[in-house]
Protein chains: 2
Amino acid sequence: MIDATHDPARTSWVASANGHSDFPIQNLPFGIFSPPGGQPRGGVAIGDDILDLAVALELGLFEGIAKAAAQAAAGSTLNAFFALGAAPRAALRARLVQLLDAHGVERSNVEPHAGRLLHRAADCTLHLPAAIGDYTDFYAGISHATNVGKLFRPDNPLLPNYKYVPIGYHGRASSIRPSGFDVRRPNGQRKRADEAEPTFGPSGNLDYELELGIFVGPGNALGEPVSIHAAGEHIAGFCLLNDWSARDIQGWEYQPLGPFLAKNFITTVSPWVVTPEALAPFRIPQPVRPQGDPAPLPYLLDAADQAQGALDITLEVLIETPGLKEKGLPPHRLSRGSSSDLYWTAAQFVAHHTCGGCNLSPGDLMGTGTISGPTPDSFGSLLELSQGGKAPLTLASGEERRFLEDGDTVIITGRAAREGFVSIGFGACSGTILPALG
Amino acid sequence: MIDATHDPARTSWVASANGHSDFPIQNLPFGIFSPPGGQPRGGVAIGDDILDLAVALELGLFEGIAKAAAQAAAGSTLNAFFALGAAPRAALRARLVQLLDAHGVERSNVEPHAGRLLHRAADCTLHLPAAIGDYTDFYAGISHATNVGKLFRPDNPLLPNYKYVPIGYHGRASSIRPSGFDVRRPNGQRKRADEAEPTFGPSGNLDYELELGIFVGPGNALGEPVSIHAAGEHIAGFCLLNDWSARDIQGWEYQPLGPFLAKNFITTVSPWVVTPEALAPFRIPQPVRPQGDPAPLPYLLDAADQAQGALDITLEVLIETPGLKEKGLPPHRLSRGSSSDLYWTAAQFVAHHTCGGCNLSPGDLMGTGTISGPTPDSFGSLLELSQGGKAPLTLASGEERRFLEDGDTVIITGRAAREGFVSIGFGACSGTILPALG
């Protein structure tokens, strides 16, 4: 719901939040951070700073359900906050807007405490926002599925189930890390087509995948599906996600049960959880299905979700290589796409995931699957950009890239913009490739 | 290591532990239970009773590392106990043998407290032994893989990677339940070959899968593989596991990323964790690979593991149907097989799972994959027994079964026996099918 918290005229007394920050007062994402020498705790990003919820509670700045929400969000994970659902989260958001408003009645009470209440984000360590019980990765980027399918089945890239089933699989929760954590190139089994037997060693085809992550809110009990009509209530927020993938390991191991070691060596998420409330202005209709595509089955069909269940978030992937850095050149933009290219909505993920009774828990994470657009400038992986490694990219440094090299840093960014609203961002989701263990 | 704790002449002063109990004094598996009206806590199965570790600690029955292990095992999950590794677990086992020995010096100190120390298992509720962070299911039953492959690819049942890669995939941790939890038949998408489009509704091809479960011990940090030579140290114990599967949902959804909703509606485990120490006498060599099979790659090859890394546990699947019960007939035995049919060992699972850097945590669960023997009397699923549903089984009640019907109960049992040793069991792993939600 678009409400007064989205007022584009509002600015914050935290000056760095005004202008083109990812974190203006219209955003207010939640996360877990440690100030220098301190323990992990809940905070809210505002400009270049982080508002410390525990300090705000000590200062008595909350009451009612906003206070209950702030208490749930002030601990070392956001799981309890996610479990509360939408109304407490929205109440806390509304109160935070009052507290941070440059022209609000609370400014004179709050700003004098800024030294305690705010931490410079650059001085803090950011952690995973939640203890992630289970992680599920979907495959809803239809252009990605088509591009990858073409590499294996040129005549029939999309499998027959694709337009009926929100295809997904279980991923590894233990190896999810926040932005900035280094990515060790995995060793594993791989076999080239011209080899008789597989060998064990470093992946030669290391790749990224551009995705959005979705944190689960209240969740459901085992055996009690969440209807598509209620599914939106179970989404606590969004982040950026890099589903690092070792293509050579994947190609050898994935049949018949799907990717395993090719993707479980690390998954990176951006540490700030952008709420459904902050993203309300950037909702769009579920993209019109091309003529001939089947309608979603009834358990995936909800009028409001069809009308505004998708999101228009502009997503970019940048690569910073040793050669670019050496020559003082800026990172190279690999692609720029939009989450509007997803075939299924977050609510459809929830309804599908639970339709057989599977239980979701607060803090569980869902990935959208790789988000690619229809043209190469919006492809969300090197697998697609280099056509499976056959067509290397050339960077301004003269370096070529089929896949990632040691020392490369991949940076994903996301930003939602709409005429008449203040645009908001997600912060960065980045990781640097370290050489494989010898 | 076979040691004095396996002395076949030893009996317990807990009389029900002697004779043919699953839980003689030579077994002593760990689990989490609630006595009537009490909170979940750690215990040890002995005959028909459960030894309450918290009470034993109160009585001052432990010291040194056995005491530290008992303290770690006395809480509401066994995760902290699993994290300790083998030596403390073995020390606690050795001390428990002293305390429960019919002819030991401790009997006169301990037996007078039996009223507090022991609970009748039949009066208690058994819980999951650990908070399971991640669950991985392997596919190491080569006869099962061959049988299932034949249904889809008669000429080439095993895929080229099978004999090189311990094939596995990530399962759903949140829906794992202890024995006795009812199994709600899932709704989902399924499409018969003669249908143009999928429909949504109750699975018509509900199946079980006979597996062993393996609980992870200390585990590893992200990016630090566990060598095959150290892998055995990371196995905390074994249980029975039923990987309930909706074959019609699976057939429609599983390409290209593997099973998802077809298997995440519930997974059942037996609640007692049988330790590697208890199973030491039942170790066998990794089965000799048939002529022509490749040797395991070096990262999966360890001489001790080859010599004694496999297990010989006899596994049975029974079905109790409404018709059998009505006629006063006993449950029907569907199959009887052995864990010796697995192509890979538990240590190979650990080494493979971590070889690319993926981190395992204490309490994580690994399934072996369905254990089938080469002949139908040892097939571990109805998919195999009924040849994909084409050849129904007829029970003594006159009922036919292609797949499971509402009201059916599937019971898995396991028992390890060897000449010169007291045989040990796992308790039951059972679940009853409830009708799908309307």
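Which residues of chain A does UniProt list for "domain: Fumarylacetoacetase-like C-terminal"? The answer, from an unreviewed entry, is residues 137-427. Keep in mind as we go that what you're looking at is a predicted model. In this model, the span 137-427 of chain A is 14% helix and 27% strand, and its two end C-alpha atoms sit 21 Å apart.

Now let's see how the two chains relate. If you turn chain A by 180 degrees, with 0.0 Å of shift along the axis, it lands on chain B with an RMSD of 0.0 Å. That is how a two-fold axis relates two copies. Both chains also use the same surface to meet each other, since 100% of the contact residues of chain A recur in chain B. Want a landmark for the axis? Look for A:G258: among the residues of chain A, its C-alpha comes closest to the rotation axis, at 2.2 Å.

Next, the inside. The largest nonpolar core counts 150 residues, and the ones with the most contacts inside it are A:L279 and B:L279. Take B:L279 and leave aside residues up to four places away in sequence: it touches B:F238, B:V274, B:L311, B:I313, B:A416, B:I424 and B:F426. There's another core apart from that one, made of 44 residues, and A:V44, A:L100, A:V110 and A:L365 are among them.

Aromatic rings are worth a stop too, with 22 aromatic pairs over all chains. One of them is A:F138 with A:F349, a stacked pair with 4.1 Å between the ring centres and 15 degrees between the planes. A:F138 belongs to strand β6 (residues 135-138) of chain A and A:F349 to helix α11 (residues 346-354) of chain A, so this pair ties together parts that are 211 residues apart in sequence. Both A:F138 and A:F349 are buried.

Another pair, A:W252 with B:Y164, is tilted, at 5.9 Å centre to centre and 55 degrees between the planes. This one crosses between chains: A:W252 is in helix α8 (residues 247-253) of chain A, while B:Y164 is in the loop between α7 (142-152) and β7 (168-171) of chain B. Here again, both A:W252 and B:Y164 are buried. Back within chain A, you can also pick out one aromatic cluster formed by A:F30, A:F81, A:F82 and A:F215.

What about strands? Chain B has an open sheet of five of them, in the order β4-β3-β2-β1-β5, with antiparallel pairing. At the edges stand β4 (118-120) and β5 (125-126) of chain B; each has a single partner strand, so one side of each is left without a neighbour in the sheet. As a rule, the strands of a sheet pair through backbone hydrogen bonds. To look at one pairing up close, find strand β2 (residues 41-46) of chain B, which is joined by four bridges to strand β3 (residues 49-52) of chain B. Within that pairing, B:V44 has B:L51 in β3(B) as its bridge partner.

Last stop: helix α1 (residues 53-58) of chain B, where you'll find B:A54. Is B:A54 buried or partly exposed? With a relative accessibility of 25%, B:A54 counts as partly exposed, because the buried class holds only values under 20% and the exposed class those over 50%. If you then look for B:L324, you'll have to travel: B:A54 and B:L324 are 270 residues apart in sequence and 42 Å apart in space, going from C-alpha to C-alpha.

Methods:
Residues numbered from 1 in each chain as written. Chains lettered and ligands numbered in written order. Predicted model: local features only at pLDDT ≥ 70, side-chain atom pairs only at ≥ 80, totals over all residues. Heavy atoms only, no water. Core = buried A, V, L, I, M, F, W, Y, C linked by side-chain atoms within 4.5 Å. Buried < 20%, exposed > 50% of the residue type's maximum accessible area, 1.4 Å probe, protein only. Contact = heavy atoms within 4.5 Å. UniProt positions renumbered as here; feature names shortened; annotations may be inferred. Pairing = 2+ DSSP bridges. Least-squares fit on C-alpha atoms with pLDDT ≥ 70 in both. Phe/Tyr/Trp six-rings, centres within 6.5 Å; stacked < 30°, edge-to-face > 60°.
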